[in-house]
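Got the model open in your viewer? Grab the selection tool and follow along, one stop at a time.

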Amino acid sequence: MSNCKSIALVGRPNVGKSRLFNRMLGRRVSIVHDMPGVTRDIVAEKLPCGVLLMDTGGIGATAEMTQKVIADATNEQADFAISAADLIILVVDSQSGLMPLDEQIADKIRKSGTNAILAVNKSDIPEHDSRISDFCKLGFSNVCPISAEHGRGMDELWQAVEFYLGELKDEEPLEEAEKRVKICVAGRPNVGKSSIGNRLLGSKRLIVSDVAGTTRDCVKCDIDFENDRGDVLKFEFFDTAGVRARRKVNTSLDFFSTMRTKEAIAKCDVVMLVIDAMEGVSESDQKLAGEIMETGAAVMLVVNKWDYAVNAFKKDGVRGYDSISKFREKFEEAVRERLFFLSGSPIHFVSAKEDKGMEGLLIGAAKLYRKMAKPLPTSKVNVLLKTLISDNPPKYVNGRRFKVYYALQTSSRPLTLRLYCNNADILTDAYKKFLENSMRENFKLGGISLKLDLVGKTKIAADERLAQKNFKIGKVKIEKPKRAKKPADKKKTDPRKKHSLKKLIAKKEAMRQKIKALRKKK
């Protein structure tokens, strides 16, 4: 986390904290649902002024709302937010009135010594403002009746925030060098994404349990990692909810969690696709990998829970394999076979439980980002394409063979090469895949999304094509504009024509005289 000022929204479950969080940000980030206990992890986003706004899970969730292990972890996260924040906004529900749990939370805030504002939510109309008298017992000097759903009372709430934090001015956008590399972990539920996130963060920032679907919101954190050379690698890390198969998405909550995950993947530069070592690559993993490649993000594969395989070898071994290294090679081969379309994505074998292989993830993510950001030399791209097509020419399609005249890179996310060719329709899918794989192999672009943008010749008529050809070789003369002639009188003859006629008659007469002279001599 950065050293900027922070605001924490706290309160009991289902009082409207997430809706207020979205209202203050001006966009939908936290999942809003009528079910209590939806928010579990701390969801943090920066306001335009640079202040960090934190949405916390409901304090005091009961067993009916969620599992006890998750409820306890949610309370710990809320306690962390209270201790870390510069300002606390205690959110209460005006419709349900003052509850004993509200008083307990207020007492906890007072003991922390942090400045606080009481936001009485669900005061949708002015007549509801009278309900705030019940909450005066909590002893807060700043009490703001608001409606997070309709935006009522937000100006007064912002004035109270500026009273404690000072004037809030929008920050200037960061320069390119200061921007962080956006990375995220994605995968099926309960494969260890949050455990990996906690190891990378170096703290229990994310709630971890054996219950599938523990993470619901997309949680964002900053990571500053120093490598062996002393360079500081800066990342913006997203922990996402597990992506379920469509047939298993039974509730609107599951749907919104999946949607938030896909939105986070689309924002990221590098995505770590987490695979369970005990289960291998599933159909859901294959589908998610394809969706990640479509977004243009770089992909690295993370095989988690590898400690189970190591322990199995220590105990009884695995039938058919002499060592763990051979089993690892075979496992990697099986992963690449199932995810063949990823074409050389790096694979990392880790154990989040035992904290093994974690540092390699951030170093690998930085390498992938540098590959993706580095432009390909246009000359080398064209030389390689010419060599590939000459050594392995494409088949004739409709009597024509695919040709490439020129190629250049037009985008880095996804890495796009524009190929100017004779006809884009005659390039087969197999040969296109051959070109993509060859480009990845020669330029070492394993894990990078690569797309070929084909631009064929435009079809023109035969006479137009002939005119263009003549113009190129210089046969076409540019005619000067002629002056408009005055219409000649029909009765009058051209004097120039008269003059030429007289000459012709004179020549004929001279010839006749010569012929007569020759005859007399004979």
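Is N121 buried or exposed? Select N121 and check: with a relative accessible area of 3%, N121 counts as buried, where buried means under 20% relative accessible area, exposed over 50% and partly exposed in between, using a 1.4 Å probe and protein chains only.

Before going further, a word on what you're looking at. This is a predicted model, where local features need pLDDT of at least 70 and side-chain atom pairs count only at pLDDT 80 or more, while totals for chains, interfaces and linings use all residues. Residues are numbered from 1 along each chain as its sequence is written, and side-chain values use heavy atoms, with hydrogens and water left out.

**Stop 1: around N121**

Stay on N121, which sits in strand 5 (residues 115-121). Helices (H or I, at least four residues) and strands (E, at least two) are DSSP runs, numbered from the N terminus. Now show what touches N121, with contact meaning heavy atoms within 4.5 Å. Setting aside neighbours within four places in sequence, you should find V15, G16, V91, V92, D93, S94, I146, S147 and A148.

**Stop 2: two crossing helices**

Next, select helix 1 (residues 17-25) and helix 4 (residues 154-165). Their axes come within 12 Å and cross at roughly 80 degrees. Axes here are lines fitted to C-alpha atoms, for helices over the stretch in contact, and angles run from 0 to 180 degrees between N-to-C directions. Helix 1 and helix 4 are therefore roughly perpendicular to each other; the cut-offs are under 35 degrees for roughly parallel, over 145 for roughly antiparallel, 65 to 115 for roughly perpendicular, and oblique for the rest.

Show the side chains where they meet: L20, R23 and M24 from helix 1, and M154, L157 and W158 from helix 4. The residues of this contact divide into 5 nonpolar, no polar and 1 charged. In this scheme Ala, Val, Leu, Ile, Met, Phe, Trp, Tyr, Cys and Pro are nonpolar, Asp, Glu, Lys and Arg are charged, and the others, Gly among them, are polar.

**Stop 3: the six-stranded sheet**

Switch to cartoon view and look for an open sheet of 6 strands, in the order 8-9-7-10-11-12, with mixed pairing. Two strands pair if DSSP finds at least two bridges between them. Strands of a sheet pair through backbone hydrogen bonds, either parallel or antiparallel.

Which strands are at the edges? They are strand 8 (219-226) and strand 12 (347-349), each pairing on one side only.

Now add helix 7 (residues 283-295), which lies across strand 7 (181-186), strand 10 (270-276) and strand 11 (298-304), running at about 175 degrees to strand 10. Then add helix 10 (residues 359-373): that one lies across strands 7, 8, 9, 10, 11 and 12, at about 165 degrees to strand 11.

**Stop 4: the hairpin of strands 8 and 9**

Zoom in on strand 8 and strand 9 (residues 232-239), which pair in the antiparallel sense over 8 bridges. D222 has E236 of strand 9 as its bridge partner, and D224 has K234. The hairpin has 5 residues between the strands, and there G230 takes a positive phi near 90 degrees.

Also pick D231 and R229, whose side chains meet in a salt bridge (3.8 Å, N to O). A salt bridge is a side-chain nitrogen of Lys or Arg within 4 Å of a carboxyl oxygen of Asp or Glu. R229 is exposed at 67% relative accessible area, while D231 is partly exposed at 37%.

**Stop 5: more salt bridges**

By this rule the count comes to 17 salt bridges. Go back to D222, which forms one with R180, the closest N and O atoms being 3.7 Å apart. R180 lies in the loop between helix 4 and strand 7 and D222 in strand 8, so the pair ties together parts 42 residues apart in sequence.

Then select R199 and D355, with closest N and O atoms 4.0 Å apart in their salt bridge. This pair links distant parts of the chain: R199 is in helix 5 (residues 193-201), D355 is in the loop between strand 12 and helix 10, and they are 156 residues apart. For a network of salt bridges, pick D107, R110 and K111.

**Last stop: K459**

Finish at K459, in the loop between strand 17 (450-455) and helix 13 (462-473). K459 counts as exposed, at 80% relative accessibility. Draw a C-alpha to C-alpha distance to N423: the two are 36 residues apart in sequence and 9.7 Å apart in space.
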